[in-house]
Structure formats: C-alpha cells, structure tokens
Amino acid sequence: MRILVTICGRAGSKGVKNKNLKDFLGIPLVYYTLAVISLYKKFFAEDDIVDVALNTDSDKLVEIVCRQKELPIYVIRREGELAGDSAPKVAVIKDCLQKSEDYFGCIYDVVVDLDITSPLRTAQNVKNTVDKKFAMPEADAVYSVAPSRRNPYFNMVKEENGFSSIVIPSDFTTRQQTPIIYDMNASIYAYSPAALKNKPSVGFFKSNCSFVVMKDTGILDIDSEEDFELMQVVAEYIFNNDKTFKMVAEKAREL
C-alpha cells in the first residue's frame, strides 16, 4: 500500500500567533505529529510505503520539521492563493496529492492528513482511521470525532428575536433520549485520492463521508493563548497516565 501523509501549516494565525511554530510542553508542537507518523510506520505500516509531505508558506516551520532526521520530508511551498484564511484545507491537501504524485512518480491508495494543532492522538488512532477508510472504499473520506459535550436537541441554544431557543426543536426531556452527537475533532482524516481530485473542496464533508470515534483528548480547539496553556495542562496529565500517549511524547522528545 502507498500512503501519503500530509502536514499542513500556514505561517500566520489570528487566534494564537504563530501557533504552528510554538513549543508544546517544551517540544516543537509539530513534533507530536511527526512522532505519531513514526510510530504508525513502525507498528502498523512496515510493509507499506509512507511518504510525508509538508505544505507550508513558513520558512521557520520548514526549518523545524527538517531539523529532525528520522522522517524524510517532501516540502511543498504553499502558493499564495492557498495561504489565506479563507482557503479550504481540502484544496491544500489536493495540492499536496498532485505535487507528491508528480514528485514520487506514484499513485497513492490513501491520503492521511494530520493536523499540527492536535497533538493528542496515537498511532492506533491513525490505524483505526485508515482501516475504516479501506473498509469503506465508497467513502470519500473518514475522519476522527469525539463524543460531543453538548447536544443541539437538548442543551444547545440560539437567539431568535431576543429570546433563546433550542438549536434543533424537539420533545426530548433528557439528553439520553437524543440522538448521539459527535464533534469533528480536526485530528485525523483519511481521504480517497480520487475524491480529492474530483470532488469540490468547498462542502467536501457534507456528503459521502464517515468517521471513527477517538477518546475525547482534544478538549479545546486551540484558538486562543488560554486554550494553548490549558491544553498543555491536559496533555501533561494524559502523557503521564496513558502509556500509548506517553509513547508519542517520548518519540517527540527523541526527534
């Protein structure tokens, strides 16, 4: 099997300045992504060819990623039209796929994108996502989710004409009666190469996709400096108390 793993990071960030370049518990944040790729290759993809592509407009991120020597990295300099806030990430991954196929002279069986700002995942999580994608060849993508902390049928509200109302009106009286809801945790995505090439990037996940459930490790989206600090507290606890996550932290430290 031939796998392309993509790592995509812009130079700027509105919520947390240069968050893709920051250290997380004293280690470059992106190294947790590199660590999980290394562990996935070691334990689950020994017979596969795994290529890693970094797509960025940041010279500093290129320097940080290429400082480690364990994983060969194909660097793709992000073009201007894909570097703005409004550019869909799926379009960036499509660009990775097209350029990587040209560079390596191959056709990929799956494209796996790992988000830099989601350091709390394991090699097993990656394997589960890839396995689900191959179990569902008809799916355009399989992505990771976590159980939702709120439910739009029960305890999520919006404002209408100055008053609050439940997001999805219903007669449910307890949360246990509602449909099970999950949060897309922006951690792992396994794409069909054909879908990346042929399906519109905008609205990609609105149809023909599936998901795998991860432990709720994300807790927060890193959209502020406070989020970043709190996530380090959560991560330190998880790394100290879960051996599979500890392996990722140790590998990141080795890199």
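# Reading a predicted fold, step by step

Q: Where is the place of Asn208?

A: Asn208 has its place in the loop between α5 (193-198) and β11. Helices (H or I, at least four residues) and strands (E, at least two) are DSSP runs, numbered from the N terminus. This is a predicted model, in which local features need pLDDT of at least 70 and side-chain atom pairs count only at pLDDT 80 or more, while totals for chains, interfaces and linings use all residues. Residues are numbered from 1 along each chain as its sequence is written, and side-chain values use heavy atoms, leaving out hydrogens and water.

Q: Is Asn208 buried, exposed or partly exposed?

A: Start with the cut-offs: buried means under 20% relative accessible area, exposed over 50%, and partly exposed in between (1.4 Å probe, protein chains only). Asn208 is partly exposed because its relative accessible area is 44%.

Q: What should I look for in its phi angle?

A: Most residues other than glycine have a negative phi. Asn208 has a positive value, near 60°. Ala186 is another residue other than glycine with a positive phi, near 50°. Ala186 sits in strand β10 (residues 182-191), and with a relative accessible area of 27% Ala186 is partly exposed.

Q: Now the sheet: in what order do its strands lie?

A: Two strands pair if DSSP finds at least two bridges between them. Here 7 strands make an open sheet, in the order β5-β4-β1-β6-β10-β7-β11, and the pairing is mixed. At the edges are β5 (74-77) and β11 (209-213), each pairing on one side only. On average, neighbouring strands of this sheet are turned by 30° against each other, direction ignored. For such angles, axes are lines fitted to C-alpha atoms, for helices over the stretch in contact, and angles run from 0 to 180 degrees between N-to-C directions.

Q: How many bridges link β4 and β5?

A: There are 4 bridges between β5 and strand β4 (residues 49-56), and the two pair in the parallel sense. As one example to find on screen, Leu54 has Val75 in β5 as its bridge partner.

Q: Which strands do helices α1 and α2 touch?

A: Contact means heavy atoms within 4.5 Å. Helix α1 (residues 30-44) packs on the sheet and touches β1 (2-9), β4 and β6 (110-114); the directions of α1 and β1 make about 175°. Helix α2 (residues 59-67) also packs on the sheet, touching β1, β4 and β5, and its direction makes about 150° with that of β4.

Q: How do α1 and α2 pack: parallel, antiparallel, perpendicular or oblique?

A: Angles under 35 degrees count as roughly parallel, over 145 as roughly antiparallel, 65 to 115 as roughly perpendicular and the rest as oblique. The angle between α1 and α2 is about 40°, with their axes 10 Å apart; the two helices are therefore oblique to each other. Val30, Tyr31 and Leu34 in α1 meet Leu61, Ile64, Val65 and Arg67 in α2.

Q: What surrounds Gln68?

A: Gln68 lies in the loop between α2 and β5, and counts as buried because its relative accessibility is 3%. Leaving aside neighbours within four places in sequence, Gln68 is in contact with Tyr31, Leu34, Ile73 and Leu255. A polar atom of its side chain lies 3.0 Å from the backbone oxygen of Val65, and the backbone nitrogen of Leu71 lies 3.0 Å from a polar atom of that side chain.

Q: Which residues does Ile107 touch?

A: Not counting residues up to four places away in sequence, Ile107 touches Arg2 and Glu101. Ile107 is found in the loop between α3 (89-104) and β6, and is exposed, with a relative accessible area of 61%. Its neighbour in space, Arg2, lies in strand β1 and is buried, with a relative accessible area of 18%.

Q: What is the last motif to find, around β8 and β9?

A: Strands β8 and β9 form a hairpin with 2 residues between them, and Asn161 in the turn has a positive phi of about 55°. Strand β8 (residues 157-160) runs antiparallel to strand β9 (residues 163-166), joined by 4 bridges. Lys158 has Ser165 in β9 as its bridge partner.

How values were computed
Polar contact = N/O pair within 3.5 Å; in protein donor to acceptor, adjacent residues only side chain to side chain.
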